[in-house]
Amino acid sequence: MLIISTIFITITSVHYHSEFELGEEKSTHLRFYFHNVASGPDPTTVQIASAPSSTTSPTRYGVLIMMDEPLTEGPDLDSALVGRAEGLYRSASKEEVALVIAFNIVFVGGEYNGSTLAVVGRNTIYSSEREMAIIGGTGKFRFARGYDRLTTYSFNTTSSYAVVEHNVFIVHR
């Protein structure tokens with residue numbers, strides 16, 4: 001039985017590998033701007049859960065937010081739409097405003113239309129520069145890995161409208 005199982009696994013592996021070619025690795029640098037609109041008639045973030053103590057916490061510890069943020073070529077919201085950042089984030093620190101974020105960058109035009117990148121990491125939003133991991137991708141970004149360097153471009157404390165520059169460095173197939 002062990003010999004038959006080994007032969008089956010070997011044949012299956014050889015057959016599978018012949019249909020599955022990885023190709024050469026490429027490296028890509030992308031730059032775009034993320035627009036977080038937290039208030040107004042059409043917010044891009046919505047609180048979906050919170051802990052009982054979140055309202056009294058200075059860091060909003062325990063809040064969970066869903067997001068669908070536009071990504072544009074330039075810092076102006078009216079510049080060309082590159083894609084959307086769809087996912088969620090939560091306030092994960094009692095000591096500082098630090099978010100744990102998981103989202104997909106969904107490209108909506110150009111050569112990357114329909115492709116995605118998966119981003120996850122810790123975002124200390126009041127730090128001038130932050131970094132999160134690219135842990136995968138689809139379409140043109142299959143087998144993606146890399147990092148996303150974030151820099152706050154502008155932040156309006158009255159409206160909670162933030163523009164964040166993303167510099168994405170990825171290796172992919």
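Between which two strands does the loop that holds Arg60 lie? In this predicted model, Arg60 belongs to the loop between strand 2 (45-49) and strand 3 (64-72), and this loop is the subject of the first view below.

**View A. Backbone of Arg60 in the loop between strand 2 and strand 3.** Arg60 is not a glycine, yet its phi is positive, at about 60 degrees. Most residues other than glycine have a negative phi. The residue counts as partly exposed because the relative accessibility of Arg60 is 40%, a value that falls between the limits of 20% for buried and 50% for exposed.

**View B. Backbone of Ser160 in the loop between strand 8 and strand 9.** Ser160, again a residue that is not a glycine, has a positive phi of about 60 degrees. The loop that holds Ser160 runs between strand 8 (145-156) and strand 9 (161-172). With a relative accessible area of 30%, Ser160 is partly exposed.

**View C. The largest pocket and the residues that line it.** The volume of the largest pocket is about 720 Å³, and its lining comprises 31 residues, with Asn36, Tyr89, Leu99, Ile125 and Phe155 lying nearest the centre. Two or more lining residues come from each of several elements, namely strand 1 (26-37), strand 2, strand 3, strand 4 (81-91), strand 5 (99-107), strand 7 (129-138), strand 8 and strand 9. By residue class, the lining of the largest pocket divides into 19 nonpolar, 9 polar and 3 charged residues.

**View D. The salt bridge between Arg145 and Glu25.** The structure holds 7 salt bridges, among them the one formed by Arg145 and Glu25, whose closest N and O atoms are 2.7 Å apart. This pair links distant parts of the chain, since Arg145 lies in strand 8 whereas Glu25 lies in the loop between helix 1 (2-19) and strand 1, and the two are 120 residues apart. Arg145 is partly exposed, at 41% relative accessibility, and Glu25 is likewise partly exposed, with a relative accessible area of 40%. The contact belongs to a network of salt bridges in which Glu25, Arg145 and Arg173 are linked.

**View E. The salt bridge between Asp68 and Arg84.** The side chains of Asp68 and Arg84 meet in a salt bridge, with an N to O distance of 2.6 Å. Asp68 is in strand 3 and Arg84 is in strand 4, so their pairing ties together parts of the chain that are 16 residues apart in sequence. Asp68 counts as partly exposed at 32% relative accessibility. Arg84 also counts as partly exposed, because its relative accessible area of 23% is not under the 20% limit that defines a buried residue.

**View F. The salt bridge between Glu131 and Arg149.** Glu131 forms a salt bridge with Arg149, and the closest N and O atoms of this pair are 3.7 Å apart. Because Glu131 lies in strand 7 and Arg149 in strand 8, the pair ties together parts that are 18 residues apart in sequence. Glu131 has a relative accessibility of 47% and therefore counts as partly exposed, while Arg149, with a relative accessible area of 30%, is partly exposed as well.

How values were computed
Residues numbered from 1 in each chain as written. Predicted model: local features only at pLDDT ≥ 70, side-chain atom pairs only at ≥ 80, totals over all residues. Heavy atoms only, no water. Helix = DSSP H or I, 4+ residues; strand = E, 2+ residues; numbered from the N terminus. Buried < 20%, exposed > 50% of the residue type's maximum accessible area, 1.4 Å probe, protein only. 1 Å grid on protein atoms, 1.4 Å probe; cavity = no way out; pocket = protein on both sides within 12 Å on 5 of 7 lines; lining within 4 Å. Points joined across faces, edges and corners; volume = space filled by probe spheres on them. Nonpolar A, V, L, I, M, F, W, Y, C, P; charged D, E, K, R; others polar. Salt bridge = Lys/Arg side-chain N within 4 Å of Asp/Glu carboxyl O.
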